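Here's a quick tour of a small set of features to look for as you turn the model around. Keep the sequence and the 3D view side by side while you read.

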Amino acid sequence: MSQASKNLVEGVVTFVIGLALRLFTDGVEIPVFTLTKVGVVLMCIGGVLIVMGLFQTTRKDSVKGSQG
C-alpha cells in the first residue's frame, strides 16, 4: 500500500470518528474539554489527511504520465 493510499484511509477513518463524536456526544462533558470539540478537531485532521492523500495520488499519476 502506497503512502497516498494510507493517508486516504487514515483520513477517512479519522474524519468518520470525528463526525461520530461531533454528532453523538452533544451534552457529554469531561473536565478539560467537550467531546464535540474533539470531534471537530479530528474532522479537521482527517480532512487534511484526505487532501494530502489526494494530492499525493495526483502527483504520482502526473509523474508517471510525464515519464511514459
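**A polar pair to start with**

Let's begin with one contact: the side chain of asparagine 7 reaches the side chain of glutamine 56 in a polar contact of 2.9 Å. Keep in mind that this is a predicted model. From that pair we can work outwards to the helix, its surface and the whole chain.

**Asparagine 7 and its surroundings**

- Asparagine 7 sits in helix H1.
- Is asparagine 7 buried or exposed? Its relative accessible area is 5%, so asparagine 7 counts as buried, a label that goes to residues under 20%.
- Which residues does asparagine 7 touch, once you skip its neighbours within four places in sequence? They are Leu49, Ile50, Met52, Gly53 and Gln56.
- Gln56 is on that contact list, and glutamine 56 is also the partner in the 2.9 Å polar contact between side chains.

**The nonpolar patch**

- Now look at the surface: Val12, Phe15, Val16, Leu19, Leu23 and Phe24 make a nonpolar patch of about 570 Å².
- One of the patch members, valine 12, belongs to helix H1, which covers residues 3-24.
- Valine 12 has 43% relative accessibility, so it's partly exposed, the class in between buried (under 20%) and exposed (over 50%).
- Phenylalanine 24, another of the patch members, is in helix H1 too.
- Why does phenylalanine 24 count as exposed? Because its relative accessible area is 69%, and the exposed label needs over 50%.
- If you like distances, try this one: phenylalanine 24 and valine 51 are 27 residues apart in sequence, and their C-alpha atoms are 25 Å apart in space.

**The chain as a whole**

- How many helices and strands are there? The chain has two helices and zero strands.
- Box up the C-alpha atoms along the principal axes and you get roughly 55 × 15 × 15 Å.
- The radius of gyration is 16 Å, whereas a compact globule of 68 residues would come out near 11 Å.
- Just 18% of the 68 residues count as buried.
- The chain exposes about 5000 Å², and 69% of that comes from carbon and sulfur atoms.
- Take the contacts between residues at least 6 apart in sequence: 69% of them join residues at least 24 apart.
- For an example of contacts across the sequence, go back to asparagine 7, which is in contact with Leu49 and Met52, among others.

Note on methods:
Residues are numbered from 1 along each chain as its sequence is written. This is a predicted model: local features need pLDDT of at least 70, side-chain atom pairs count only at pLDDT 80 or more; totals for chains, interfaces and linings use all residues. Side-chain values use heavy atoms; hydrogens and water are left out. Patches are made of residues with over 30% relative accessible area and no salt bridge: like charges are joined within 9 Å, nonpolar side chains (Val, Leu, Ile, Met, Phe, Trp, Tyr) within 5 Å. Accessible areas come from the Shrake-Rupley method with a 1.4 Å probe; for residues, only the protein chains shown count as cover. A salt bridge is a side-chain nitrogen of Lys or Arg within 4 Å of a carboxyl oxygen of Asp or Glu. Helices (H or I, at least four residues) and strands (E, at least two) are DSSP runs, numbered from the N terminus. Buried means under 20% relative accessible area, exposed over 50%, partly exposed in between (1.4 Å probe, protein chains only). A polar contact is a pair of N or O atoms within 3.5 Å; within protein, one must be able to donate a hydrogen and the other to accept it, and residues adjacent in sequence count only if both atoms are side-chain atoms. Contact means heavy atoms within 4.5 Å. The radius of gyration is taken over C-alpha atoms; the globule rule is 2.2 Å times the number of residues to the power 0.38.
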